[in-house]
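Open the structure in your viewer and get ready to select residues. We will go stop by stop.

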Amino acid sequence: MKRTTISLIATTVALAAITGFAALTAPGGGSTAEAGAAARLPVERSSLLCPAPSSSEIAETAYTSFTPVGKAGDAKDGAAELKASAATLADTGTAPKKDTKKAAKKDAAAEGAKKPAPDKAVLALKEPGKPVAAKAAGGEAPALVGTATGRLAPGWTAQQTTTVTAGGSRGVLGVSCTAPDTDFWFPGASIAKNRQDYVHLTNPDPTAAVADIELYGKDGALKTTLTEGIPVPAGSSVPVLLSTLTSDPAADLTVHVTTRTGRVGAVVRAADDKAGSDWLAASADPSGTAVLPGIPADATSVQLVAFAPGDDDADLKVQLAGATGRITPAGHETLHIKSGMTAAVDLQDVTKGEAGSLILSPAQSSQATPVVAALRVVRGKGDKQEVAFIPATAPVGERATAADNRAKGSILSLTAPDAGAQVKVTASAGTQGGTQVVKTYTVKAGTTLAVPPPVPAGLKGSYALTVETVSGGPVHASRTLTLPQDGIPMFTVQTLPDDRGTVAVPKAEQDLSVLDD
């Protein structure tokens, strides 16, 4: 008689349903059974969603798509394309009107600014390690939905950077295109009179999704007009103005987006009458500790907004990790957050000329109450102010990437909250030419290392930065991109959480073999 081993198809299918399809072959060519212990396999499919960039007619948007070079199992082929969503719907649920003749002439005059035809890729990535870029102009640029497969799926990243030089939405609005999900937290939003904040919901799937939006102020949940949820049609994007959902005033809000059916990508576009505008990305999942990396050295105002979503109040230590270690901001040693309520504290110019990262940890180690948090950061003064947001972020983990870096204006912030670490930073080839450069950095425990990142040799166009943990403890990272305009320090900050380019396939816990004659 002989023994025939049953493959772990059921295990792989279950994992694929949660994380995206995973290759059945372990790195190096062996099967998962041969690998013995749990193996990390590259994903075979990734999805990303980019919100409609701006309603301003003078907006200019750059899109960048990139997949880092790495192990891709047996995958030799693949595609990664971002396409225009089926529609970006107005609050009334109708599709946008066609371009006027004036807008069409303007778009035709701008290089790469033609409105994409349905099903035509705005960005099509061809190979790992070499980013591609495209441009769009005016206020008619649509939301984008995209999928990467095969060797282009593991670590696929896309960045959307919009520049608006005047008006109420002035600023550099940067956002890493998000993966679809069912649960998002946004501390730091507002419905104050000087703010115009929209939640953008984008549905990548062929069936409709229904989303719910909850708002929490300093006294708890706000009454909203939502009773039936917000329908998000298949392949479409819906912007929702937060101030239309409630009559209750609230300067500092936490927004909770969930779905009843389907999945969406969610991000908040915040516009301040005095300080410009930027995207507010979702906070990391609720946790007893939070790291918010990359506060610029010249920040003139820093506001912390935090929320405790559970049944217990949270008492947190507030610390700033700078170049030489942690300090406690004077007068803000701790923060008390009542359950279900939003707390905000003005840290003013907390960095005092030295870049740093904020670390929130339990005031009592025995009581770690989960929280979500974000920072509202302002640079400049008077009518030369500019705002950006830094949400709490997960560690870099195995690997993380920030696309759309320029020859000048980028700062990479690396924070090791607990133990020292070593990281490898790879500057990719440029979108139009150049050769990748690799550099290794050491980050001391409890410090933030803020450095201009390496730049590809002979760079033409923009490039991507990939950060990999080599050794040591967890590292949290962000990239600041500064594009000054008329004396205004326009900037945007993107965090770098693990790109989830691999999935763990556990070892079988029992003998799955059968006997054959």
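Which polar side chain has an atom 2.7 Å from the backbone oxygen of Ala321? Select Thr448 and look at its side chain: a polar atom there lies 2.7 Å from that oxygen of Ala321. Keep in mind throughout that this is a predicted model.

**Stop 1: Thr448**

Stay on Thr448. This residue sits in strand 35, which covers residues 447-451. Is Thr448 buried or exposed? Thr448 is buried, because its relative accessible area is 4% and buried means under 20%. Now add Thr415 to the selection. The side chains of Thr448 and Thr415 make a polar contact at 3.0 Å. So far, then, the side chain of Thr448 has led us to the backbone oxygen of Ala321 and to the side chain of Thr415.

**Stop 2: a patch of charge**

Next, select Asp311, Asp312, Asp313 and Asp315 together. What kind of charge does this surface patch carry? The four residues form a patch of negative charge on the surface. Pick out Asp315 from the group. Asp315 belongs to strand 23, residues 314-321. Its relative accessibility is 40%, so Asp315 counts as partly exposed.

**Stop 3: salt bridges**

Now for pairs of opposite charge. Such side chains can pair when their charged atoms come close. How many salt bridges does a search of the whole structure find? The search finds 13. We will visit some of them.

Select Glu81 and Lys83. Their side chains meet in a salt bridge, with 3.8 Å from N to O. Check how much of each residue is open to the outside. Glu81 is partly exposed, at a relative accessible area of 30%. Lys83 is also partly exposed, at 28%.

Move to Arg195 and Asp197. This pair forms a salt bridge too, and the closest N and O atoms are 2.7 Å apart. Are these two residues buried or exposed? Arg195 is buried, with 9% relative accessibility. Asp197 is buried as well, with 2%.

Then select Arg260 and Asp212. Their side chains meet in a salt bridge at 2.7 Å, N to O. Which parts of the chain does this pair link? Arg260 is in strand 18, residues 253-261, and Asp212 is in strand 14, residues 209-217. The two residues are 48 apart in sequence, so the bridge links distant parts of the chain. Asp212 is buried, with a relative accessible area of 19%. Arg260 is partly exposed, with 45%.

**Stop 4: strand 38, strand 39 and the loop between them**

Select residues 476-482 for strand 38 and residues 491-495 for strand 39. Begin with Thr482, which is in strand 38. Thr482 counts as buried, at 18% relative accessibility. Which side chain does the side chain of Thr482 contact? Add Arg379: the two side chains make a polar contact at 3.0 Å.

Keep Arg379 selected and add Phe491, a residue of strand 39. Phe491 is buried, with a relative accessible area of 0%. Along the chain, Phe491 and Arg379 are 112 residues apart, yet their C-alpha atoms are separated by 8.5 Å.

Now select the loop between the two strands. Asp486 lies here, and so does Gly487. Is Asp486 buried or exposed? Asp486 counts as exposed, at 57% relative accessibility. Gly487 is exposed too, with 62%.

Look at the backbone of Asp486. Its phi is near 50 degrees, a positive value in a residue other than glycine. Why point this out? Most residues other than glycine have a negative phi.

Add Asp383 to the view. How far apart in space are Gly487 and Asp383, C-alpha to C-alpha? The distance is 9.8 Å, although 104 residues separate them in sequence.

**Stop 5: Arg500**

For the last stop, select Arg500. Where is Arg500? Look in the loop between strand 39 and strand 40, the latter being residues 502-505. Arg500 has a positive phi of about 55 degrees although it is not a glycine. Arg500 counts as exposed, because its relative accessibility is 66% and exposed means over 50%.

How values were computed: Residues numbered from 1 in each chain as written. Predicted model: local features only at pLDDT ≥ 70, side-chain atom pairs only at ≥ 80, totals over all residues. Heavy atoms only, no water. Patch = residues over 30% accessible without salt bridge, like charges linked within 9 Å, V, L, I, M, F, W, Y side chains within 5 Å. Areas by Shrake-Rupley, 256 points an atom, 1.4 Å probe, with all protein chains shown as cover. Lys, Arg positive; Asp, Glu negative; His and termini not counted. Charge placed at Lys NZ, Arg CZ, Asp CG, Glu CD. Helix = DSSP H or I, 4+ residues; strand = E, 2+ residues; numbered from the N terminus. Buried < 20%, exposed > 50% of the residue type's maximum accessible area, 1.4 Å probe, protein only. Polar contact = N/O pair within 3.5 Å; in protein donor to acceptor, adjacent residues only side chain to side chain.
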